[in-house]
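Work through the following exercises with the coordinates open, and compare each of your own results with the solution that follows it.

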Amino acid sequence: MTRRSYTIYAVGITSAVLLTVGIGLFVGQVFTTLMQNRLKKELILVEGSRVFESWKRPPPPVYMQYFFFNVTNPDEIAAGEKPVLNQVGPYTYREYRYKDNVSMVENGTKVSAYNTKSFVFLREKSVGDPSVDNITTVNIPAWAVMTKLKGNFWKASMVSIWMNSLGSGIFTTLTVDELLWGYEDPLLARLAPSYPDVEPYFGLMYKKNGSNDGEFIYHTGEQNYMDYGRVETWKGQRSLNFWTSNQSNSINGSDGSAFHPMLEKNERLYIFTPDLCRSIYMEFEKDVEVKGIPAYRFTPPRSVLASKEENPANEGFCVTPQECLGTGLLKVSPCRKGAPVVASFPHFFLGDEKYVMDIDGMYPQREHHQTFLDLNPTTGVIVRASKRAQINILFSRISGFPKTRQLKEMIFPVMFLNESVVIDDASAARVQKLLLIVTLVSNFPLIIVGLGAILLLVLIILLVRARNQQNEVKRIVFTKPVYTTTTADDTSYSAVSDKEKEDPQNGTYIGLTAKSDPQD
């Protein structure tokens, strides 16, 4: 067997082995499964894991923006006319968040932590100075007190007199700082000595700068990667007690800071948010890309805040059967000390049209008012997110308070917030590197198949060349040369001229001519 034959056999066998092994590994998803199992073991909330430190102190900057609805016609509203509101904002703060008092519990299968947040104002990202800019808006403390006294005519009448003497009306004008971080309200200060549970200070973010929402206990994901970051208990409770059904009181999902790897598009992601006093869910909307990282966008569908008629599962969020609001609203008074606070998406996005039409100045837009999460499906890492929510007050006539006599019943917007984050460049580079490794390892069978295909092509070329050489007929035609021989008699030497020329370099020229026939 020739060397060429050995080469053909070797190439053929190697190509067959590579193709068989590569296709087998690809069909069996062996390397993909190995890589996924590796990620599931590394992406857990334990000391020394790949994600633990960034979970405790997220490196990407988080920004909190506040937008207020300035009331331009308070007297006309009190007389029963349509409110005309003007949006003012953003007032932007850098939000610093970290997990405090982190400790492993239940033999390391769960981790306990407090979510601490602090805020620093950013003038360059804001429309004005919050310590100077005034906003005319709903007098929330007054409405909370009036709502608390609904049905008690005599107490209501007495408090109404106090409100008149203190100059406390259904609207108030305060600075942005006062509205956010707190101020001493004269009506609350008057009531505080008689009611120990009443604080004289009020603010939309009062006592929330540098504070936490209570103790969370999370699953580490070590036993089941699907439980990664899932909330087990909040403030020591496995369920809430604000609502009227077990389903509504359930604590489901994560706190929005961590999601399990290997996400699927058909998943429904649950998030527990103490601000809304409930769990919400998000569903896949579309594929996006952030800083070169592929991501799935998840958004809350309309059904999350749908009415009980639209979504019967939401009936448990009705405070009473008579207090079931329409689509797009959630009355959160059970966890706001009875205050008539209603949550919604900004500008009543995804809500009933009537709430938009009741207010002059509402312009819901998906781009500016939708809440979304952009998650890398392989790692579960948040690459971009925006949580948007609006605070409203339920306006209605309250007996005993003449100032509310002509009011139209409506949902009155106060402000909305936009809490947003985009992955920083350093974190993005780490995620891209990890994804590259995952891609290379997962696609290793395709590399093997590619090598096998190349060798198969080489084999075909070698076989074709060998076949051509076997079929080629090599004919070497040997022909006898015909030489004209001469004898001395046939030729004669003669000088070119009568006198032989002498060439100093080449010698003498001699002419060779055929001998002439004497008969010619």
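**Exercise 1. Is Cys324 buried, partly exposed or exposed, and what is its relative accessibility?**

Some conventions come first. The model is predicted, so local features need pLDDT of at least 70 and side-chain atom pairs count only at pLDDT 80 or more, while totals for chains, interfaces and linings use all residues. Residues are numbered from 1 along each chain as its sequence is written, and side-chain values use heavy atoms, with hydrogens and water left out.

Step 1. Apply the accessibility classes: buried means under 20% relative accessible area, exposed over 50%, and partly exposed in between, with a 1.4 Å probe and protein chains only.

Step 2. Cys324 has a relative accessibility of 25% and therefore counts as partly exposed, whereas its disulfide partner Cys318 is buried at 10%.

**Exercise 2. Find the disulfides and describe how they are linked.**

Step 1. A disulfide is taken as a pair of cysteine sulfur atoms within 2.5 Å, and by this rule the count comes to 2.

Step 2. Cys318 is joined to Cys324 with an S to S distance of 1.7 Å; the torsion about this S-S bond is about 120°, so the disulfide is right-handed.

Step 3. In the disulfide of Cys277 and Cys335 the sulfur atoms are 1.6 Å apart, and with 80° about the S-S bond this link is right-handed. The pair links distant parts of the chain, 58 residues apart, since Cys277 is in the loop between strand 10 and strand 11 and Cys335 is in the loop between strand 13 (330–331) and strand 14 (341–344). Strands here are DSSP runs (E, at least two residues) and helices are runs of H or I with at least four residues, numbered from the N terminus. Both Cys277 and Cys335 are buried.

Step 4. With bonded cysteines counted along the chain, the pattern is 1-4, 2-3.

**Exercise 3. Examine three salt bridges and place each in the fold.**

Step 1. The criterion is a side-chain nitrogen of Lys or Arg within 4 Å of a carboxyl oxygen of Asp or Glu, and a search of the whole structure finds 19 such salt bridges.

Step 2. Lys56 and Glu53 meet at 3.3 Å, N to O, and both lie in helix 3 (residues 52–56), 3 residues apart, about one turn of the helix. Lys56 is buried at 16%, while Glu53 is partly exposed at 49%.

Step 3. Arg268 and Glu283 meet at 2.6 Å, N to O. Because Arg268 lies in strand 10 (residues 268–273) and Glu283 in strand 11 (residues 278–290), the pair ties together parts that are 15 residues apart in sequence.

Step 4. Lys387 and Asp275 meet at 3.4 Å, N to O. This pair links distant parts of the chain, with Lys387 in strand 16 (residues 382–395) and Asp275 in the loop between strand 10 and strand 11, 112 residues apart. Salt bridges that share partners join Asp275 and Lys387 with Glu95, Arg97, Lys117 and Glu419 into one network.

**Exercise 4. Describe the surroundings of Thr220.**

Step 1. Thr220 is in the loop between strand 8 (211–219) and strand 9 (231–234), and at 1% relative accessibility Thr220 counts as buried.

Step 2. With contact meaning heavy atoms within 4.5 Å, and not counting residues up to four places away in sequence, Thr220 touches several residues, including Ile44, Met104, Lys110 and Tyr228.

Step 3. The side chain of Thr220 also reaches the backbone nitrogen of Glu222 at 3.2 Å.

How values were computed. A polar contact is a pair of N or O atoms within 3.5 Å; within protein, one must be able to donate a hydrogen and the other to accept it, and residues adjacent in sequence count only if both atoms are side-chain atoms.
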